[in-house]
Each structure stands twice: as structure tokens, then as C-alpha cells.
Amino acid sequence: MGSRPPNDGEGAPSDQSDDAYSNAIDISPEKRHESVSENGHAEPANGVPAANIEPNATHDSYMTDESIEDDPRPVKRQKQERSPMDVSPSSPVSGIAPTVDKVFALGNTHARSALTTSTDDIDDYSSIIHPSVAEIIKLEIIPAVEPLECLSLRDMAELESALQIGDTHSYDDNDGWRPDWGGNLLHYDKDVIVNKGYLVADPNAKPVRVKFCDWVVSNAQGSNDLRGLELLFRFIYNMKGTPAMAKKILAYALQRPAESAEQRLEFILNAVLRASYDPAVLHQDGWTIKKAETPEEGEAFHIGRRIMWQRHEAVVIAFTPDETYGGLWKAAYVEDLETFDLEPGELQNAVRKWELKQRQSGKKRSIISAPSSGSTRFAATANFNVDGIENGIILAVPTSKAAQGVLWPARVQHFIEGGFTSSGALRRNSSKNQIQVVFLAPFWNGPQAPTSKVSDATDLYSLGPLYDFDTIEVSEYNIQRYPFDEISMEKARAGFRFLGLPKSVFARYLDAHRLAVALKTYSIKHMSKEHASRSDDQVMASANLTESHMLSVRTPIFPQVALMLPFDFVLAKLPHPSEVASAKLSDDEGTDHDPIIDIDAIIQTMTPPACFGEKKKDSPREQHLGVETPKYIINPILSPSSVFTPAQAVSQKDEDDLWTLNKFASDFLVGLFQRQSHSGDLVIDTIDGLEYMEKLLTSLIAKLKRLSDLFSGYSTSQKKAALRNLLCHCLVIKGHGEDSLECGTIPPNVSKQAIIVEWRKACERIYKRAVGKLSSQGVGNNVTSVLTDSRCNGHITHSGTFERPVRIPAAIKGAKRAGAGTDPNVLLLTQVEDSFLIVAEDVVIPKAHKLTYIKRLKTKIASIAHNETGVPLTEDSDGDGGDDTMGSRGSYTAAVVGVAASLMAADMVVGGQCVNAFCAVRPPGHHAGRELHSMKAISNGFCLLNAAACTALYATTPVSQGGLGLRRVCVIDFDVHHGNGTQDILCPTYDPRFLYVSLHAGGAYINGYDNENSDDEMFRRKVGATRGAYVGGKKQDGIFPGRCGDTSPHEGVLNIPLGQRVTASAMGAALVTQVSPKVEAFSPDLIILSAGFDAHVNDPLGMGGLSAEDFRSVTEVACQMASRSCSGRIMSVLEGGYGVPCCQSRDDLFLPNNSDERFLDLGSDLPPDMKDEIPFTLRQKLDKCHAEGFLECIKEHVNGFINCNKR
């Protein structure tokens, strides 16, 4: 019940708090009797009617003598008529004794406080206020005011009951009284529960919360009837430590004439705002408001500085020393004077961003006048929109702390569904930046203890109400597009793994998506889209008129009958996730998808005659002549029917039926082929596109059948070669078929894209059929490969860098722990074939990198002595940018071998020797672009040659030129840094062959904002927390490699910056909601992962929060994309990841005892001649990786491949 912060563990209030609270409450005997009339009724202390302000109490309830323990006389509250504006349900009143009872024992006898400072002393600060502050703060002169009276015991009990201080139904543990006046003033905006009576009677009921000030004004009958806020102001007014000017501001807000309760609330809100920035208040509260003349005079030198904070201009207005942070600066936004505090580091960033903006604009700072009544600070999100809002369903972050900040399915309420509205300019502005949502099947509102008597169910997270009403801020971080049109159990489980929630929450998570998909489907099929066709100007006009956000205008208005259906009953009848998991799914297409709740069908069953048990008679089937255009039904590319598996026993009689066209092509595609063959009236001089596609498909099936008949007589090498040729031919035919559509006619009312999608599926079914039929032990299906080469160890860096040679032995050790080399289906290949070295150096690398860059790199490395290591390799002509990318005489060979290993892995995956593959090679490559310091980066970031980009180019090179002949390749980069080199090589402009996706740390808030006139030299400052060292004497602002990853320049690039620190929830949300739809729409023939593990929580870069298990989840989600698009063809190339503890003990004669020293024992995987000498400070930093680090990440990454290597 304690409502104030306890002191040193005793739970009792501190002396300072005691004095502060005791001044606010008058417990003198004369005041005690003053508050009670002769007939025992409460009398007003200042002429204001003693209205009941408790949100959850009835107006005709009585206070008993137990309600106020300190008053010996029984007192009954005056009976009041219920206000017509009262929105709170009736509920019994429990004890409302003040929670500050302990301070009453101090015997304070103050009758009331009074202003002791003269008006002149308070208001005359113009001589010390900095001009920049005076420029935006225009203060209204406050006349003389009467002091506010102290609260009686009854007043205090009434206020605490209204604010629900210490209430058992409070959902916030930190909502009690604060020791400072400013903290208590914020209670004006506190959320209070208005249906507590219902919660007592029914613990499963949904709490209804409103802002305290909104509730008070909604129950007011006049401008002087805001008793709850009046009591709060009186309490703060009489607290010890409240500045005299703050008292004057609060008193004036209550005493100045007002025409209505709404106007009085506006005065109160303006008073709260002014109390936060008024120079007199700040000065009396201990802040320094006078600017120091020089930096040597102290931190007050920053007062008056312009800064940028959260993309808006502000001014530093005050400073105060702070024991924890060293100092705090108070700043106010220029537009609306809302204040906030900054720590030293935050102030430095804010000043730098202001200077950056000024340099970009090339203009001097203009004089900005004081803010007008309306603020435009929320204009940045006023036009914020999210795809699919016209269907009403989004992913949003709940405000409840119990929700742990996860994105959860929600329905956006239309503005006409909104409940309470607030008054006052301050609250009107912020309300335009908010929307009201209904979270579906939340897990955070259920009972927290297993002893709940609500239900005997074991799934506690499903016991709470099915809906949670919330108000959220509009931003790209709080709101995202809802990505699902149907529920795939595979996708649902993959997305859930990133949330970091208990496994038992998954049932609730699945129910939430079942409801979301049902509502979205109902909106698409059965609701008018007239609102969606409105122009942006019309929507904005409606939003301004209703003081709401555009999202609340664009969202549809669902009919009440659709929202009030008994979804609890329906969801309870659906299969539980445990039942779905235990059931073995067949190989038929579409069985992975959960049935969609048909809301319209349920409504129809409640409508006559269906509600009487009668059925509508079916209309006679219409007869059509000729060949009918087949119906197109979207199905995913899954495994072919179970009759295709090699273990299936098939009689000779049915053998021929297994190779017919309709076993591979869908009914839709076969129907188109048949329709084309029936077009006898048409005279076709050349082969039509559809006819050509049919011939290609038929010949491919025949070729597969012949090979399967002869395959058993081949040797192992012949089997590999024959399988590779067939599969490569299959993928080449896949591309030719798409091209043939451009040469022929397409039937009317048939989508060209639909034909292409079904064509791709047919070719992939043949591909999977070939792998399934022709696989053998260790070759083909169910096989994962790990490739490496000892020549990569020839790249030797200096001892202080993160990119150490021991990364390869550690990666091999991690792969072995996953089964590489011991499991017959997990191959460990330790040498790259020479043929791929030739292709890499002579064909592919010159395509990826400019010859000048290659020549420069070769020349530099050739000049290094054989015994010399740690030499800068990528410095520019000024000698900058090479300090982080060092190497030795063997560095170029190591880089070429790394590229060759990647080409070999791609050849094995596409050629059917394995389903997926991991390349443990170094040096990394995704920062290496076409030339030195790609995309204006300050250095090459440890990278020499770009293996991932080279592999993509090799895969799309025609077979006639030595490539694999694929049509489309997708590169997904989950290194903590943006792969500027890969984007530079593959996607400098849009190229339909490539899709580059990057999930990385960064964002415009961190890296600054670019425009056409920006001077990039300004950004060459600090390599922010990226490579552990400053580079080339210059510094780059933000995160390496800079701003190139903050935006997506065209359709072929999807850059997703995840903020300063990459978290599992952010990574998972991006993969599920953005990456997966983009990749599946692109439909790649091969997926390449730039696998960086430097976003691990223990990585020395300190930029990530992922666990090793999270990396396995990332891998599995990527494999699922490959399974749906390209029969599972996926491979990865090692990029970053530096959490490898020291692998050798120190030979230090000066340390007497090294027995307790920890090092990572790699055993035989560590070459005898490899040294791992690192500085002591780095060694200490890497010690935490003994618990979990790079090695465990590799193990889980390979495990993810193994779990998904079954086609």
C-alpha cells in the first residue's frame, strides 16, 4: 500500500518526504473540526461543493468511521445526485484512508501556506535569461493570487481514492506519491480505472481506464467544479519545496475566470506546461538558467543552444548538477514548449544533429517566434500510413509493460468509435498523434497466478479477456503492416520464436492471428471500400476536423454483429497448437495453412432461414459449352504428393500415371494448355507461348523419367553429374518458359502473373521430384554441407583487431558440434576444387570488382614481406581507411579461396548434391564493393573480396558462359552492419536479377539525414561503435558504413535498419512482416545468406541482443522462404561475428600464476602454427563469450540448416 518511494530498504518515508507531505496536509485540531459540520457531514473548505470525485464509487455511498482512521468522529458524506455526465459504474467503496498516514504523526500544525516572495522577485528574470530562450518563451504576467488552502484529512483521503493511489487494482507499481512536487503534478494525466466495482465482482472483466483530468472534466457541472484537479493542485501547492512561482501559476489556473469546465481544464493544462519551463520556477527549483560565458565556467555554457531532438528543434533552457549523470540539461521544443531532460551524451548527440542540419541546409539560423496555439511537432507522423489499414488490422506495440514491447495483432478503431476526448491545446496536439486500437487475444491481461479461480484451464495466458483496448502513439516503431492473408503454422511458429515469450503463450499468439486474419478476410470480401478510395486531402481534412489521426479515418467501421460474435467459443473449438504439432502433416499442398474463421458464414447462420435450421436450395448448375477458363487458386510451393517419395511402393500399372503432366502442373495450368489446344478456329503460324510452355514441361518430364530408369546403373560420379545437368536444365527451362509468354497470346480474363506463378511451381515440382527420386546416401535430399579451406588462414591480421584468424577454426568447431563430419548427411568439405578457383579469379571476381581495385589490392599484398603481418591493405591515396582492414602476404589468396568456396557451395546446392550449405571462410566480404570504400564508406571494414555478390553473379551467369543460368537470386544479409559492398555490386540501379535485403543496426536517427546538397565529408567522422578503432584520422558519425543502409533506393533493395541495437523482437518482426513477403513475391531461384553473427549479445562490438538460438531461428525462417520459393535452395557465407574467446594461454613470465586463466580449447581444429595473441583488455572483453559466443552461433546456424534440409 505504500505510495511513496521507501528509503534505504526500511519502507518508511525519508525525512525530506515527511516534511514535504506534512506541509501539504493540515491536521491541526481547528482544521480537523473545520472539515466536519455539526450534523456530521463534510463541509467544503473553500466554498466548492464536496462532490464525490472517486472514479469507481457511487455518488450515494457513505463514508464510515472506519474509512478515516485518524478522525474519531463518524462522518457521513453528503448524498449527491448522479451527474448526467458520470461515466463510472457503481461499485462499493472500500477504505479510503490516506496512504500518507505516517506523516500525520509528525504533528504538523500549519493551517496553510502563503507566498512569501514578492511578485517582483519572482517575475524579474529578464536580465539573466539567454536571448535564445527569451525568443521562444513569451510569459504572460500573472496578477496577485490568493494562496491555496491545505488539504484536510478528508480531502486527502478523497484525492487518493480518486487517483487510486495504492489501489489494489492499479496496473502500475510506480503510480504512488512522489517525493518531488513536479512528479506529483504529473498525476493530472494519470490513468484511472472507472469500473473497479465490476472488477471486484468479476476478475475476468476488462478494466476501463481514462485520464484523470478527462474523467474530472466529464463529471464537472461548471467551470469551478473540477474538484479532483483542484485538490491535486492544493496538495502540490502546499508541499515543501514547491517553488513560489509554481504555486502562483497553479493558484492562478484555479482562480482566473473561466466560462466552462473545458476552459478551466485548458487553463490547468497550460499551467502544468508553464510550470515545466518558466524560468522563475526552474531557478527556484535549483536549476541554473543563466548561461555561463565560457566553457571553463561550467556546463551552464550550453544554455541557449539550439539542438535537434527526435527530429525536432529545441533549445536548452537550464542546467543542474546530477550525482548520477554528472549533469542534466532541460530543453524545450521550439514549437510547443514541451520540456525534456538530457544526459551529457544525449546533449552531445542533439547538438551535433543540429549542427549537421545547419550545414546541410547551408543557411543561418532564422529567428523563430514563440509557438502559436497549434503545434506542428507531430506533423512528422500526421501523414504516417501503413499498408492494409483499409482492412483495419495492423501489428502494434501495446503500452502495457506486461506485453514486453512485442508487436501484436490489433484492430484499429475508427474515430467515431472513440470514447473520451480531451480538451486543451496541449492534449489536442498529442491526440492527433495517437490512435485507439483493440488488441486481439492478448496474453498480458490474464491472471498472473496459477491459483486463479476463474478457470481450471492450465493455459493461464488464455484466461484473460479476448480484447484489450489501448491508445498508442503513431510511429514506425509502434505500428507495422499486418502481413498475413492466411495462417501458416510454420510461419506462426517462426515469428513467435523471436518474441522471447514463454512457449505457453503460443496458443494465445495463434488465437490472435486467427482473429486478425478472420477480420481482415471479412473486411476484404464483405465490406465496402468506399472509405479506402478517398484522397489523401479528403482524409486529412476529416482527421483535422475530428482532431484524430489519418489512420483512424482510413480504417473501416466493422458492423457490430461481426465484432460481437462469440469468438471465445469458436476459438475453443479449433485445434490447440499442441494437437497441430503432434499431428503429422501430409505432403499435399495447403495442409500447413490453418482454416480461416468465416465471419460472414457465422452471421448467415444466425439469419433466417438458416437460424431456423433450414437450408437454401442450390440453384441449378449452369451448363457451359466449350472449354471453360480454369479457376485460379493460389497455393504455395510445397512438397509433391506422397506418391513421389522414393519409399512409396508403386505398382507397374500406375507407373506411367506418375509421369503425366497433371502430376506436376496445377489444374489451372493444365486447363490453359487444353484450352489452347482446342483453339482450332485460330490459325497460328508460330508456336504460341502457352503451347511452347507445355512442350517444355512435357520434354522435361520425359527426360527425368528416362534418367530415373537408367540411374541405378551409374557410378557415383556419373550420378552426381547427371543429376546436376538435369537440375540445371530444369531451372534454365523455368526461365525460358517465363520468356515464352512474351511471344504468345494470353487468354482473356487470365492474369499473366498467375500463369507465371503456376509455371514456376510446376518446374519446382519437377526439380523436387528429381532430387527425391535420384538422391542417395550423402547426396541430394536431407544433406547439408559445410565448406572451408585452410588457405583462408593465410589472411593474418594484427593482434588488436576483432577479425582474428581463429574465427575459422572456431567456426569449424561449431559446425562439428552440429554434426558436420560425423553425421553422414552433414558433409564437411575442407578443400575447394581447383576448377572453382579458376572460375572465381578469371571470370567472376572481375565482374564484381573493378580491375583497378583488384590490381591495387594485388600490388599492395605482393609488396608485403613473407614474415610481415597486420599491414593496412585498403587505405586510400591520402593514407586513410586502411587501419581496420589489415592482412599479410596470403590475404589475396585467402580472399579468392573464400569466393571459390562460395561458388562451389552454390554449384552443390543448385546441382542437387545438398539442400543447403554453409561456407566458413574469411576474410569477410560484404563491405567490399566495386571499388575502394564502397558507397562513400570510410573504409572496407575488414573486407577484401565480396563472396556473396560474386556467388550471385556466378549463379545468374548463363550456362554457356560457365555459370548456373538462374533467373533470380536473393541475398539476405543479417550482419549487424549494412552490406554496402553487396548493394554496390548487385544493385547500384534496379536489376531484375537481384534482390538485396539487409537487416542491420542503424537508422536516420543514428546516422543523420541525407539530402541532395549534403556534404559527405561531414559524415566522415566516427566509426561509431563498429570496428573498435578510429580510422584514418577522420571520424564518421553514426554506425559504419554510414547512411547507405538507412533507405531503400529502388525495388531491388530492402534495407531495414533496426536501431542502435539489434534485438530479437525487431529482427523477427522484420523477417516475418517485411522480408518474407518481399522475398516470396520476388520468387528467387537461390537464396544467399550473408551470415554475420556480430549482433550476438556477447559480441565485443556490443551492438546486438541476439542469442545463438535466435540465429538458428533466423536461419530457419530464411530456409522456409527458400522452401516456399525455390525448393529449399539456400546457402550462407560467413561475414562478421567476433565473439571468440582467446584460444591460447598467455606465456607471460611476469605473472606468477596463470592457472586460473580461461581460454577456448579448439583442439585439433586450431592449426599448430596459428597464434592468438590479443591485448589483455580485449581478452577480458571476450571472456563473457565462454558462456555463449561465436562458436555457439555457428553451431545453431548449421543446426538450422539441418532442421530444414528435407525437401
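## His926 and its surroundings

Let's start in the loop between S18 and H34, which is where His926 sits. This is a predicted model, and in it His926 comes out as buried, with 2% relative accessibility. Leaving aside residues up to four places away in sequence, His926 touches Cys943, Asn946, Asp973, Asp975, His977, His978, Gly979, Asn980, Gly981, Thr982, Ser1090 and Glu1135. One of those partners, Asp975, is 49 residues away along the chain, yet its C-alpha atom is 9.0 Å from that of His926.

## More from the same loop

The loop has some backbone features to look at too. Pro923 belongs to the stretch between strand S18 (916–919) and helix H34 (947–956), and the peptide bond joining Arg922 to Pro923 is cis, with omega at about 5°.

Then there are the positive phi values. His933, also in the loop between S18 and H34, has a phi of about 55° despite not being a glycine. Met935 sits in that loop between S18 and H34 as well, and its phi is near 50°, again positive in a non-glycine residue. Are these two buried or partly exposed? His933 counts as buried at 10% relative accessibility, whereas Met935, at 31%, counts as partly exposed.

A cis bond also turns up elsewhere: the peptide bond from Phe1040 to Pro1041 is cis, with omega near 5°. Pro1041 is in the loop between helix H36 (1004–1007) and strand S21 (1053–1057).

## Strand S20 and its neighbours

How many of the 7 residues of strand S20 are buried? For S20 (residues 994–1000) the count is 7 of the 7, so the strand is largely enclosed by the rest of the structure. Both of its faces are covered: Phe994, Tyr996, Ser998 and His1000 are buried on one side, and Leu995, Val997 and Leu999 are buried on the other.

S20 has parallel partners. Strand S19 (residues 969–973) pairs with S20 in the parallel sense over 5 bridges, with Val971 standing opposite Tyr996. S21 also runs parallel to S20, again joined by 5 bridges, and here Leu999 stands opposite Ile1056. The link from S19 to S20 passes through a helix: S19, helix H35 (residues 980–986) and S20 make a right-handed β-α-β unit.

## Strand S7, an antiparallel case

Strand S7 (residues 393–396) is another one with buried residues on both sides: Ile393 and Leu395 point one way, Ile394 and Ala396 the other, and all are buried. This time the pairing is antiparallel. S7 is joined to strand S8 (residues 408–412) by 4 bridges, and Leu395 stands opposite Pro409 there. S7 also runs antiparallel to strand S11 (residues 479–481), with 3 bridges between them; in S11, Arg481 is the bridge partner of Ile394.

## Rings and charges

On to the aromatics: the structure holds 20 aromatic pairs. Among them is Phe1093 with Phe1190, an edge-to-face pair at 6.3 Å centre to centre, with 80° between the planes. Phe1093 lies in the loop between strand S22 (1086–1091) and helix H38 (1108–1126), while Phe1190 is in helix H40 (residues 1190–1203), so this pair ties together parts that are 97 residues apart in sequence. Phe1093 and Phe1190 are both buried.

There is also one aromatic cluster formed by Trp408, Phe439, Phe443, Trp444, Phe496, Phe506 and Tyr509. If you're after cation-over-ring geometry, two cases are worth a look. The charged end of Arg256 sits over the ring of Phe267, 3.9 Å from the ring centre. For Lys291, the charged end sits over the ring of Phe301, 4.1 Å from the centre.

## Where the confidence drops

A quick word on model confidence. The protein chain has a mean pLDDT of 78, and 74% of its residues reach 70 or more. Some stretches fall well short of that. Over residues 448–458 the pLDDT stays under 50, and the model has 7 contacts for this stretch beyond four places in sequence. Residues 681–686 also have pLDDT below 50, with 1 contact in the model beyond near neighbours in sequence.

Methods: Residues numbered from 1 in each chain as written. Predicted model: local features only at pLDDT ≥ 70, side-chain atom pairs only at ≥ 80, totals over all residues. Heavy atoms only, no water. Phe/Tyr/Trp six-rings, centres within 6.5 Å; stacked < 30°, edge-to-face > 60°. Helix = DSSP H or I, 4+ residues; strand = E, 2+ residues; numbered from the N terminus. Buried < 20%, exposed > 50% of the residue type's maximum accessible area, 1.4 Å probe, protein only. Lys NZ or Arg CZ within 6 Å of the ring centre and 35° of its normal. Pairing = 2+ DSSP bridges. Right-handed = clockwise from strand over helix to strand, strands pointing away. pLDDT = per-residue confidence, 0-100. Contact = heavy atoms within 4.5 Å.
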